[in-house]
Amino acid sequence: MIVTGKQLLAKAKEGGYAVPALNVDNLESVLGVLRAVEETGKSVIIQTIPRTLAYGGTGTYIAMIRALYKGGADICVHLDHGGDEEICKKCIQKGYTSVMIDGSALPYEENVKLTSRVAANAHNSGVSVEGELGTIGGKEETSGKVSYTDPYEARDFAQSTKVDSLAVGVGTAHGVYKGTPHIAVERIEEIASLTPVPLVLHGASGLSDEVVRACIRAGICKINFATQLRQAFTAGLRRALAEDEKVFDPKAYMPQAIEEVKNAAIGIIKLCYGE
Ligand SMILES: [Zn+2]
């Protein structure tokens, strides 16, 4: 079944694992991720960022997922980094079962107000909501400084906004890391000890398996992977085109890209489920 993020994350919190949240960009990455779900029998969250929706259409990805999902392990379809109320509403209308409202760039009180409004609206439709407090580096970072999530502020934020999960700033960044990132695992523990809301780690592509496992032990219940899957797709595509310069039918060369996405997703699933 296609279920809410809240349902998947409650099980993860109880089971001491994290649900992988895998970003998709096209039909081929959707196929790769769904095949990984079929092969492993594990639940994942399939997510799109607003730029992906601007590229391919707001209702396109959920329509593909619904058409291709064969049942088995539950999945969730999530909007990653929703920037305003409008995009969250649109995705809920299209059938997304979870949305993120990212007010992390706003002053604290403004973030609380925006996130509370989105959460109330989403909950009316039976959809769960992820908020964000603190900053995650990379594309989303505008000020140039990365601020870690304050554990007490996180507790108050979760209580005031009624979010179902919370993305935290603990030293990760989006995109490709330059050098080895320092992740404040003890900060995750502090936040988790004060708030019962499942915590979300963004920017996990490029972290060592060891660090990812430590973050899960500290209380992370959802981990986002985007860059790693985009790299896998592109590597498969490049290889297929290089191997046969005369190939012209996408149905002939895309399977290698799908396979690469599937294999990357299986690796991520095993890591997040502790297998
Ligand atoms: Zn993110």
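Buried here means under 20% relative accessible area, and in this predicted model Tyr17 makes that cut because its value is 19%. Tyr273 is buried too, with a relative accessible area of 14%.

These tyrosines meet. Two aromatic pairs turn up in the model. One of them joins Tyr17 and Tyr273 in a stacked arrangement, with ring centres 4.5 Å apart and an angle of 25° between the planes. In sequence the partners sit 256 residues from each other: Tyr17 belongs to the loop between α1 (5-15) and β1 (19-23), while Tyr273 falls in the segment after α11 (250-272).

The zinc site is next. On the protein side, the zinc ion is held by His81 (NE2), His174 (NE2) and His202 (ND1), at 1.9 to 2.0 Å, and the donor spacing reads H-x92-H-x27-H. His81 is part of strand β3 (residues 75-82) and His174 is in the loop between β6 (165-168) and α8 (185-194), so this pair ties together parts 93 residues apart in sequence. His81 and His174 are both buried.

From β3 the picture moves on to strand β4 (residues 98-101). Side chains in a regular strand alternate between the two faces of the sheet. In β4, Ser98 and Met100 are on one side and Val99 and Ile101 on the other, and all are buried, so both faces are covered. Strand β4 pairs in parallel with β3 over three bridges, and three bridges also join it to the parallel strand β5 (residues 128-133). Val99 stands opposite Leu79 in one direction and has Val129 of β5 as its bridge partner in the other. Helix α5 (residues 85-94) completes a right-handed β-α-β unit with β3 and β4, and helix α6 (residues 108-124) does so with β4 and β5.

Key. Residues are numbered from 1 along each chain as its sequence is written. This is a predicted model: local features need pLDDT of at least 70, side-chain atom pairs count only at pLDDT 80 or more; totals for chains, interfaces and linings use all residues. Side-chain values use heavy atoms; hydrogens and water are left out. Rings of Phe, Tyr and Trp (its six-membered ring) pair if their centres lie within 6.5 Å; planes under 30 degrees apart count as stacked, over 60 as edge-to-face and the rest as tilted. Helices (H or I, at least four residues) and strands (E, at least two) are DSSP runs, numbered from the N terminus. Buried means under 20% relative accessible area, exposed over 50%, partly exposed in between (1.4 Å probe, protein chains only). Donors are N, O and S atoms within 2.8 Å of the metal (3.2 Å for Na, K and Ca); water is not among the atoms, so sites may look incomplete. Two strands pair if DSSP finds at least two bridges between them. A crossover is right-handed if, with the strands pointing away from the viewer, the path from the first strand over the helix to the second runs clockwise.
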